[in-house]
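Student: I'd like to learn how to read helix packing and sheet layout from a model. Can we walk through one together?

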Amino acid sequence: MATEFPDYLDVDYTDGEGEDPEDYPTIEDKIEKAIEVTRRGLEQYDNPSVMWTGGKDSTLTLYFVKEVADRFDLDVPPVIFIDHYQHFDELFDFVEHWADEWDLEVVYARNDDAGRYVEENDIEPGDDIPVSELSEHNQHHIRDILEYEEDTFPFLLDTYVGNHLLKTVALNDALEEYDIDGILSGIRWDEQEARADETFFSPRHDPEIYPPHDRIQPILQFDEADVWETFWHFVVPETVEEYPDEGYVPQDYDDLPNGLTHEDIPVSPKYFEGFRSLGSEVSTDKTESTPAWLQDLDNTTERAGRAQDKEDLMERLRDLGYM
């Protein structure tokens, strides 16, 4: 693995090593660290980007990017949105709306080869895709990297092959096409065991696996409750002019102050409906009917509604370049 990638960088790859959210006891401590990491990321990398899924964590990361860029006269980099062909329609609407509101340049990362086969053959989620019908690039990933031996694989995200092709390959291809050297992403230590040992600046330098780049991870120190506290007391009041300055926590789907609507709020309506994590339309269910932030965040699993959330799968995908 390269140890001097790129040679113009001055970042500490051990920053955050051995830490957890309790090392940042107040929300102000967490925000201060997020600002520090974000600023260093925007200043150090020649061609950074932001991973944006439209979910709460990546939108919080994008908020810090926008705030830091404004405060320190830096550019807001392009954002990368992975289109895996199984998104909720509402998520697309959310991303397109706020990309326009915030004047963002959005790069849609897609596995066009797999997507073309799906479209031309009217493939539905769960249908099989023949490996032989895909490009040499995709077949290389399936046969040589994943060492998958079956003739077909299901068009689903909650499978090793489907997730890798539709997410990881799409992301890595975009990183290579746009020559990205650092990508700011919204992962958290508490979210999954596979991410518990991540550091704020995490090298991904092995060219045999992914285009060499770094992951810049400003919100590792947040837990799920912290994310929502930051949204309702900082993000929304500071980005929505009519929102109460002191913040306000909605108590149900229609509980928004001052005549505001969901379109006015940079929080996906899916969270108001009871979803706590947004994956694919076919493999993600709401966990309760109450808004995400009002659920028992301490004693229930955040990703319980996502079929693909298997720890060994996430660990393998992370090793191959996924978030």
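Tutor: Sure, and keep in mind that this is a predicted model. Two packed helices are described by the angle between their axes and the distance between the axes. Here, take helix α1 (residues 27-44) and helix α7 (residues 224-239): their axes come within 11 Å and cross at roughly 85°. That crossing makes α1 roughly perpendicular to α7.

Student: Which residues of α1 and α7 make the contact?

Tutor: α1 contributes Ile27, Glu28, Lys30 and Ile31, while α7 brings in Asp226, Glu229, Thr230 and Phe234. Sorted by character, the residues of this contact are three nonpolar, one polar and four charged.

Student: Now the sheet. What is the order of its strands?

Tutor: The sheet is open, with six strands ordered β3-β2-β1-β6-β8-β7, and the pairing is mixed. An edge strand has a single partner, and here β3 (106-109) and β7 (201-204) hold those positions, so one side of each has no neighbour in the sheet. From one strand to the next, the twist averages 30°.

Student: How does α1 sit against that sheet, and which strands does α1 touch?

Tutor: α1 packs on the sheet and touches β6, β7 and β8, with its direction at about 40° to that of β7.

Student: Where can I find examples of parallel and antiparallel pairing?

Tutor: Look at both partners of β8. Strand β6 (residues 182-184) runs parallel to β8 (residues 213-216), and three bridges join them. Within that pair, isoleucine 183 has arginine 215 as its bridge partner, and leucine 184 stands opposite isoleucine 216. β7 pairs with β8 in the antiparallel sense over four bridges, and arginine 204 stands opposite histidine 213 of β8.

Student: Are the faces of β8 covered or open?

Tutor: Both faces are covered. His213 and Arg215 are buried on one side, and Asp214 and Ile216 are buried on the other.

Student: Let's finish with α2. How many of its residues are buried?

Tutor: For background, an α-helix has 3.6 residues a turn, so residues three or four places apart point the same way. In α2, twelve of the 16 residues are buried, so call this helix mostly covered. Among the buried ones are Leu60, Leu62, Tyr63, Phe64 and Val65, along with Lys56 and Asp57.

Student: And what does α2 lie across?

Tutor: α2 lies across β1 (48-51), β2 (79-82) and β6, running at about 145° to β1. Helix α2 covers residues 56-71 and reaches 22 Å from first C-alpha to last, close to the 22 Å expected. Just after α2, aspartate 73 takes a positive phi of about 55°.

Key
Residues numbered from 1 in each chain as written. Predicted model: local features only at pLDDT ≥ 70, side-chain atom pairs only at ≥ 80, totals over all residues. Heavy atoms only, no water. Helix = DSSP H or I, 4+ residues; strand = E, 2+ residues; numbered from the N terminus. Expected span 1.5 Å × (residues − 1). Buried < 20%, exposed > 50% of the residue type's maximum accessible area, 1.4 Å probe, protein only. Axes fitted to C-alpha atoms, helices over the stretch in contact; angles between N-to-C directions. Parallel < 35°, antiparallel > 145°, perpendicular 65-115°, else oblique. Contact = heavy atoms within 4.5 Å. Nonpolar A, V, L, I, M, F, W, Y, C, P; charged D, E, K, R; others polar. Pairing = 2+ DSSP bridges.
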